[in-house]
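Thanks for making the time this morning. I would like to walk you through one protein model, starting with a single residue and then widening the view to the whole chain.

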Amino acid sequence: MTPDDAIAALGSNPQKAAEMAAYHKVSRRYLGIRYPKIDLLTKAWRAKLTLSERCDLAQALWDSDIHEARVAAAKLFTQARIKPDDTQVWEMIQSWVPQFDAWAIADSACIAGQKRLLADPNRIETVATWTTSDHLWTRRAALVMTLPWTKQNHPKPQDLEIRERVLGWAASYCADSEWFIQKSVAWWIRELSKHDAKRARQFLTNFGAQMRPSLRKEAGRLLRD
């Protein structure tokens, strides 16, 4: 399958494309198609392409700078296990991070990255370097990509270590003036509150006053007084 074939298979809806361009406010081409269609197509492509072919297709789709094509590129790798070796995939996702410029594409790539972090938690060392980047989307990716560590009801010692490490990053983000950065903190703490309300409440007690009031409220929305 060529990149042109893949983009043609995605299709287009000019009216929706115009609406999406106005919504995302990033200058690039939009096809105006719904994400469920991208899910169905990428699942079919994953089933019939070798890993090498998927990597080539994903990079070409990403390089097209078409909104839905970049989402599709990420979805080609949204799976728990990639055999025989996922090193190339992880390196590719890393190379995309500095190019993030909008939340929808960034989130799609981060979900793929979450799978690769879970496959090898030692990769957290790479993610740690993102937290001091001048690029706000790279800083944000450090929290979005580590969201799986908010979701464990019975975390292992290594999981708790990673959770506490990320909470340290989140604490340093609370005074960040960028809305998207504080929003990522609120997201992380809200998700954590579903599984460890005590720790989420402790975080907000210590650092919540530094956050924008609306985002502090969002972070604690699921916590009982």
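Let me begin with K83, which is exposed, since its relative accessible area is 66% and the cut-off for that word is over 50%. Please keep in mind, here and throughout, that this is a predicted model. As for where K83 sits, its place is in the loop that connects α5, residues 67-75, with α6, residues 87-96. If you look across from there to L51, you will find that the C-alpha atoms of K83 and L51 are 7.8 Å apart in space, although 32 residues separate the two in sequence.

Now for a residue on the other side of that cut-off question, namely H24, which is found in helix α2, residues 14-24. Is H24 buried or exposed? H24 counts as buried, because its relative accessibility is 13% and the limit for buried is under 20%. When the neighbours within four places in sequence are set aside, the residues in contact with H24 are Y30, H67, W103 and A104.

That brings me to the interior, where the largest nonpolar core comprises 71 residues, and where W45, L61, W96 and F100 are the ones with the most contacts inside that core. Helix α10, which spans residues 157-173, contributes the largest share of this core, with seven residues. Taking W45 as the example, and leaving out residues up to four places away in sequence, we see that W45 touches M1, A6, A9, L10, L57, L61, A72 and L76. Apart from the core to which W45 belongs there is another one, made of five residues, including A17, M20, Y30 and A102.

Stepping back to the whole protein, we have 13 helices and zero strands. Of the 225 residues, 51% count as buried. The radius of gyration is 18 Å, which agrees with the value near 17 Å that a compact globule of 225 residues would have, and the C-alpha atoms fill a box of roughly 55 × 40 × 30 Å along the principal axes. Among contacts between residues at least 6 apart in sequence, 70% join residues that are at least 24 apart.

Finally, a word on the surface and the charges. The protein exposes about 11,200 Å², and carbon and sulfur atoms supply 51% of that area. There are 34 positive and 26 negative side chains, with the centres of the two sets 8 Å apart. I am happy to go back to any of these residues on the screen.

Terms used. Residues are numbered from 1 along each chain as its sequence is written. This is a predicted model: local features need pLDDT of at least 70, side-chain atom pairs count only at pLDDT 80 or more; totals for chains, interfaces and linings use all residues. Side-chain values use heavy atoms; hydrogens and water are left out. A nonpolar core is a set of buried Ala, Val, Leu, Ile, Met, Phe, Trp, Tyr and Cys residues joined through side-chain atoms within 4.5 Å. Buried means under 20% relative accessible area, exposed over 50%, partly exposed in between (1.4 Å probe, protein chains only). Helices (H or I, at least four residues) and strands (E, at least two) are DSSP runs, numbered from the N terminus. Contact means heavy atoms within 4.5 Å. The radius of gyration is taken over C-alpha atoms; the globule rule is 2.2 Å times the number of residues to the power 0.38. Accessible areas come from the Shrake-Rupley method with a 1.4 Å probe; for residues, only the protein chains shown count as cover. Lys and Arg count as positive and Asp and Glu as negative; His and the chain ends are not counted. The place of a charge is taken as NZ of Lys, CZ of Arg, CG of Asp or CD of Glu.
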